[in-house]
Amino acid sequence: MKITKKIVLEEHDMPRQWYNIIPDMVNKPLPSLNPKTMKPLTVEDLEPIFSPSIARQELSQERWIEIPEDVFNLYRIYRPTPLVRASGLEKALDTPAKIYFKNESVSPVGSHKLNSAIPQAYYNKIDGTKHITTETGAGQWGSAMSVACKHFGLDLRVFMVKVSYEQKPFRKAVMNTYGAKVFASPSDTTEIGRKMREQFPGTSGSLGMAISEAVEEAVKDPYTKYTLGSVLNHVMFHQTIVGLEAEKQLEIAGDYPDIVIACLGGGSNFGGIAMPFMRHNLVDGYKTRFIAAEPASCPKLTRGVFRYDYGDTEGYTPLIPMYTLGHDFEPASIHAGGLRYHGAGSIISQLAKDGYVEGQDVQQLETFEAGILFSRVEGIIPAPESTHAIAVAIREALKAKEEGKEKTILFNLSGHGLIDMMSYDKYMHGQLENYEVPQSLIDENVNKIEAIQPK
């Protein structure tokens with residue numbers, strides 16, 4: 001039997017709208033709160049940090065949001081991305097399951113992050129922003145914003161989590177090549193950075209710290225705004241182009257997923273591929289499973305609590321209803337830097353709370369084992385973040401084999417790992433290890449946020 005390897009959409013089949021799942025949710029996400037007033041956020045609350053267009057989109061209740069023409073034209077450089085039948089992986093696992101992956105690694109920066117970076121740069125440009133600040137974990141978001149800002153003539157300053165800054169020096173070089181200035185976070189260029197360095201000598205940093213630094217810079221100048229690569233609603237909307245394309249491609253293949261899988265940091269690539277399919281569970285009664293693959297060293301869905309919490313370490317952001325390990329939580333120095341974040345976005349958290357999303361945590365060594373197998377049978381070296389999704393896809397494919405059931409599995413290959421070869425080299429030389437988070441550490445950090453819960 002001939003297996004179709006790659007399913008490619010024509011350009012005219014590209015989605016012209018982003019999807020907002022909130023109108024279709026059984027229980028809408030709780031509102032994010034202004035931490036000073038403890039009242040639901042307004043556009044005016046967000047405008048000191050974000051551009052007005054982004055602030056309005058963050059609070060949007062529209063089901064479908066038009067993609068601006070300037071954004072669509074830049075999407076056309078690399079979209080639609082291929083949907084690939086992972087026949088090599090199927091054969092290696094000897095599974096009756098059909099495995100597909102959406103290949104977001106073909107973007108100019110090698111990951112899905114450009115899907116939100118382009119519209120965020122566009123909206124900032126039309127709103128009169130001159131300078132952008134942002135954070136980045138492994139460097140994919142910083143790279144994406146560097147390209148997007150260059151397209152729209154914006155300056156960019158990136159605060160990169162220190163451990164990734166040191167582990168992934170070529171990510172910094174990529175951002176510099178595109179014209180961005182990059183700082184290891186916590187840095188000595190901001191008040192919060194200096195405070196964190198003094199308070200936690202030798203810290204490897206965290207996304208929460210880097211966000212605090214970027215926001216601090218943004219609020220000091222009316223022509224400077226902050227952009228975020230995950231967690232918030234508008235980022236999820238932008239990423240749904242991934243799932244909307246995949247839905248059309250699977251229709252061409254005459255298939256539909258029983259299971260949808262993606263790695264989870266703040267939730268952008270998981271939400272992007274999952275939400276367009278999830279609407280059929282919510283509206284049409286489908287029974288697709290949605291699995292968020294997270295690192296065992298940062299297990300917010302599997303071991304965190306559902307609470308209001310800050311999106312950053314210092315408490316500059318709104319209070320977000322999320323599954324969290326506490327905003328002071330500093331994850332272990334795993335190589336999947338983009339997943340080292342303490343909380344999940346409010347949409348994903350509510351869907352998980354309601355039972356529509358399940359979390360699976362994965363140890364670091366299992367992820368690299370999965371990444372190497374995938375590389376050898378499919379020819380693509382995946383980013384350490386994406387290997388979490390691959391590891392869970394392998395688990396589910398082997399479970400299908402044990403049960404003797406045919407299942408269709410879809411996962412998001414959120415990025416390639418060609419700038420992450422140092423981590424692969426360390427794995428192959430036995431220099432990586434697993435990290436188990438002590439429950440006492442989670443409890444300690446979760447207990448700290450009880451005082452900021454709304455009364």
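A residue is called buried when its relative accessible area is under 20%, exposed when that area is over 50%, and partly exposed in between. The model shown above is a predicted one, and the terms just given apply to its residues throughout. By this rule C298 is buried, because its relative accessible area is 0%.

The whole chain comes first. Of its 455 residues, 63% count as buried. The chain has 18 helices and 15 strands. Along its principal axes, the C-alpha trace spans about 65 × 50 × 45 Å. A compact globule with 455 residues would have a radius of gyration near 23 Å, and the 20 Å of this chain agrees with that. The surface that the chain exposes comes to about 16,800 Å², and carbon and sulfur atoms supply 50% of it.

The contacts show how the chain is folded back on itself in sequence terms. Among contacts with a separation of 6 or more, 78% are between residues 24 or more positions apart. In the interior, the largest nonpolar core has 92 residues. Those with the most contacts inside this core include W18, Y75, F270 and L410. Helix α11, residues 233–253, gives the core its largest share, which is eight residues. There is also a second, separate core of 26 residues, and A86, L89, A391 and L413 are among them.

Helix α6 is a useful element to follow in detail. It runs over residues 140–152, which makes 13 residues. From its first C-alpha to its last it reaches 19 Å, close to the 18 Å expected at 1.5 Å a residue. An α-helix has 3.6 residues a turn, so residues three or four places apart point the same way. How many of the residues of α6 are buried? The count is 11 of the 13, so α6 is largely enclosed by the rest of the structure. The buried residues include Q140, W141, G142 and F152. What do the buried residues of α6 pack against? Their partners are the helices α3 (69–75), α5 (114–126), α8 (169–177) and α16 (384–403), together with the strands β6 (131–136) and β7 (155–161). After α6 comes G153, and its phi is positive, near 70 degrees.

One residue in contact with α6 is V109, which sits in the loop between β5 (98–103) and α5. Is V109 buried or exposed? Its relative accessibility is 8%, so V109 counts as buried. Setting aside neighbours within four places in sequence, V109 is in contact with L114, S143, A144, V147, R171 and Y178. Of these partners, S143, A144 and V147 are also listed among the buried residues of α6. V109 and Q363 are 254 residues apart in sequence, and their C-alpha atoms are 27 Å apart in space.

The cysteines can be taken next. A disulfide is a covalent bond between the sulfur atoms of two cysteines. This structure holds zero disulfides. C263 is in no disulfide, and the nearest cysteine sulfur to it, that of C298, is 12 Å away. A pair of cysteine sulfur atoms must lie within 2.5 Å to count as a disulfide, so C263 and C298, at 12 Å, do not make one. C263 has a relative accessibility of 2% and therefore counts as buried.

Some details of the backbone remain. Which residues does the cis peptide bond with an omega of about 0 degrees join? It joins R79 and P80, and P80 lies in the loop between α3 and β4 (83–85). A cis peptide bond also joins S185 and P186, with omega about 5 degrees. P186 is found in the loop between β8 (181–185) and α9 (191–199).

Positive phi values also occur in residues other than glycine. M38 is not a glycine, yet its phi is positive, about 60 degrees. M38 is in the loop between β2 (17–19) and α1 (43–46). Its relative accessible area is 31%, so M38 is partly exposed. D94, another residue other than glycine, has a positive phi near 50 degrees. D94 lies in the loop between α4 (87–93) and β5. With a relative accessibility of 53%, D94 counts as exposed.

How values were computed:
Residues numbered from 1 in each chain as written. Predicted model: local features only at pLDDT ≥ 70, side-chain atom pairs only at ≥ 80, totals over all residues. Heavy atoms only, no water. Helix = DSSP H or I, 4+ residues; strand = E, 2+ residues; numbered from the N terminus. Expected span 1.5 Å × (residues − 1). Buried < 20%, exposed > 50% of the residue type's maximum accessible area, 1.4 Å probe, protein only. Contact = heavy atoms within 4.5 Å. Rg over C-alpha atoms; globule rule 2.2 N^0.38 Å. Areas by Shrake-Rupley, 256 points an atom, 1.4 Å probe, with all protein chains shown as cover. Core = buried A, V, L, I, M, F, W, Y, C linked by side-chain atoms within 4.5 Å.
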